[in-house]
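User: I'd like to go through this model and ask how each label was earned. Could you set the values against the cut-offs for me?

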Amino acid sequence: MIQFVSNKGGGKPVDFETAILDGFASDGGLYVPDTLPIITKEQLTSWKGLSYVDLAFEILSLFIDRSIVSESELKIILETAYAPFEKKETIPFYHLKTRKDTYIMELFHGPTISFKDVGLAFLVNLVNLFLERKNEHLTLVVATTGDTGPATAYYTAGKSNLDAWVLYPKGLITEEQERQMTTLQDANVHPVGVFNCPDGADDLDLVIAKFYADKRFKDKLKLSSVNSINWGRVMMQTVHYFYGYLQVVDTIGEKVNMSVPSGAFGNLCAGGIAREMGLPIKYFVVANNTNACLHRVFSEGRFSKEEIIETPSSAIDILVPSNFWRFLYFRNEKNTENIKKWVDQFNATGSVTFDKQTFESYSKGFKSYSATDKQTLAIINELYTNEDYLLDPHGAVALVAADSLKTELGDEKLICFATAHPSKFPEIIKNALHTSVLPKAATHSSVETAKQLCEKVYLCNYAHVENALMHAMETNWDLTKGK
């Protein structure tokens, strides 16, 4: 049975269920499996042609012991999770006409029209299964740059064993993203808009870390998280890398390149793990916007926190790519002492420069690029003009990066990840297309419906958010769960 350990080396190994329900490891580190399953060419061949749900069942079964989640339970969770997706194939592909062997993988056809649906549809339902068995309750608390919050809220809504507190930097996400959270009227969903966050959602991650460090508060409210710190999110996201590969290759074993819009590194951490398991990826393109937190990591060997820059691709306006530490565990010979040392150094100084050997080890097979706002908008316009195909600003960052690195990538097939529906970013689309009227492709029925609904939200200032939010959360707990 695979056990799960902290990437910082503290605490004891735990089983799959404990790792999922805890979120963070006991020492504040991120859970990682103590071993990774290795996929053979024969297995990959047998998986070609499987539906997304059937492929997910095969891959997740390698990580989840049957004594914890039975075969029938896993099948039911997966079928339930992906039934609401708009497309029969769950994740469709668009083959670009203006670029050779280039595919857009559309990860945004779930209920909240972003790629976060792909991971959270499964994870929240899994968490709820564990809680129903135990007759226990958890309080999920997540910070969002615009997409994790809506998906967490949607999948938590109405579940009697869960409450969700979703924190977002007020004014730094779009109104469309905000309304996906604030128009849910379910009593167990609590959106929190925080004004004056100097570093955006990264500031809110620090607030959540303080909640976890307060043992009395954490234990009373039974805090957990389903954002990308949770192993279940990363594990589930490995599936769409295998699925994407199997959809575009002619021959199992041929290599492909994948370009991924990147912020906190949760999505690409999953990709890196899929490759460690044996998926034949030649290069991953780490597609950053001008915040460039990961571009510095993969081009300079420097993990550093700079001032935040607001960009059209707001969901990846991230300063601290926390899941990089999880991936580094696998590329640093599972040396938890080193990771703890680097994390502590970063927390103390705001910067870590890796030694040459470490840099060469973790950066192998990765290319990175920092796309400008001008490039992002221009490529949205170009594709819509030339192909009548509309990319959201995050998918645009992925394509800009891939175009810019074309010579280095070679002639292999390329998959670019489109991670959100364009309707979430109407003003950016208008700006990119130089129009005051949105095309139909930039609208979505769920977004239009949310514009006409009442909003329910907590509002507070970052200057006193920690105490204010603890008071709100504890008061709600006492009122609804009893003192």
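User: What makes Lys451 and Glu448 a salt bridge?

Analyst: Happy to start there, with the reminder that this is a predicted model. The side chains of Lys451 and Glu448 come to 3.3 Å, N to O. The cut-off is 4 Å between a Lys or Arg side-chain nitrogen and a carboxyl oxygen of Asp or Glu, so the pair qualifies. Both partners are partly exposed, Lys451 with a relative accessible area of 43% and Glu448 at 32%. Elsewhere, salt bridges with shared partners tie Glu17, Glu73, Arg133 and Lys134 into one network. By this rule the count comes to 27 salt bridges.

User: How do you know that Lys170 pairs with Glu178, and is Glu178 buried or exposed?

Analyst: The closest N and O atoms of Lys170 and Glu178 are 2.5 Å apart, so the pair meets the 4 Å criterion. Glu178 has 9% relative accessibility and therefore counts as buried, the limit being under 20%. Lys170, at 30%, is partly exposed.

User: What makes the bridge between Glu474 and Arg216 a link between distant parts of the chain?

Analyst: First the bridge itself: the closest N and O atoms of Glu474 and Arg216 are 2.8 Å apart. As for the link, Glu474 sits in helix α21 (residues 465-481) and Arg216 in helix α9 (residues 215-221), with their positions 258 residues apart in the chain. Glu474 is buried at 16%, whereas Arg216 is partly exposed at 47%.

User: Why is Cys197 not called a disulfide partner?

Analyst: Its closest cysteine sulfur, in Cys460, is 8.4 Å away, too far for a bond. A disulfide needs two cysteine sulfurs within 2.5 Å, so this pair does not count. The structure holds zero disulfides.

User: Which of Cys197 and Cys454 is buried, and which is exposed?

Analyst: Cys197 has 11% relative accessibility, which puts it among the buried residues. Cys454 has a relative accessible area of 63%, and since exposed means over 50%, Cys454 is exposed.

User: How do you know that the length of α8 suits a helix?

Analyst: Helix α8 covers residues 201-213, and at 1.5 Å a residue its 13 residues should span 18 Å. The C-alpha atoms at its ends are 19 Å apart, which agrees. Its buried residues are Ala201, Asp202, Asp203, Leu204, Val207, Ile208, Phe211 and Tyr212. In general, an α-helix has 3.6 residues a turn, so residues three or four places apart point the same way. Helix α8 also lies across β5, β6, β7 (189-195) and β8, at about 150° to β5.

User: Why are β8 and β15 called edge strands?

Analyst: The open sheet has five strands in the order β8-β5-β6-β7-β15, with parallel pairing. β8 (223-224) and β15 (458-461) each have a single partner strand, so one side of each is left without a neighbour in the sheet.

User: What makes β5 and β6 a pair?

Analyst: Six bridges join β5 (residues 138-143) to β6 (residues 162-169), and pairing requires at least two, so they count as paired. These strands run parallel, and Ala143 stands opposite Leu167 in β6. Helix α5 (residues 116-134) packs on the sheet, touching β5 and β6, and its direction makes about 145° with that of β6.

User: What makes α13 a mostly covered helix?

Analyst: Eight of the eight residues in α13 (residues 324-331) are buried, including Phe324, Trp325, Arg326 and Arg331. Just after α13, Glu333 takes a positive phi of about 55°.

User: Why is Thr238 called buried, and what does it touch?

Analyst: Thr238 has a relative accessible area of 0%, which is under the 20% limit, so the label follows. Thr238 lies in helix α10 (residues 231-248). Leaving out residues up to four places away in sequence, its contacts are Ile59, Ala270, Ile273 and Ala274.

User: What phi do Phe265 and Lys334 have, and where are they found?

Analyst: Phe265 has a positive phi of about 75° although it is not a glycine; its place is the loop between β9 (256-261) and α11 (266-276). Lys334, also not a glycine, has a positive phi of about 55° and sits in the loop between α13 and α14 (336-349). Phe265 is buried at 2%, while Lys334 is partly exposed at 36%.

Conventions:
Residues are numbered from 1 along each chain as its sequence is written. This is a predicted model: local features need pLDDT of at least 70, side-chain atom pairs count only at pLDDT 80 or more; totals for chains, interfaces and linings use all residues. Side-chain values use heavy atoms; hydrogens and water are left out. Helices (H or I, at least four residues) and strands (E, at least two) are DSSP runs, numbered from the N terminus. The expected span of a helix is 1.5 Å times one less than its number of residues. Buried means under 20% relative accessible area, exposed over 50%, partly exposed in between (1.4 Å probe, protein chains only). Contact means heavy atoms within 4.5 Å. Axes are lines fitted to C-alpha atoms, for helices over the stretch in contact, and angles run from 0 to 180 degrees between N-to-C directions.
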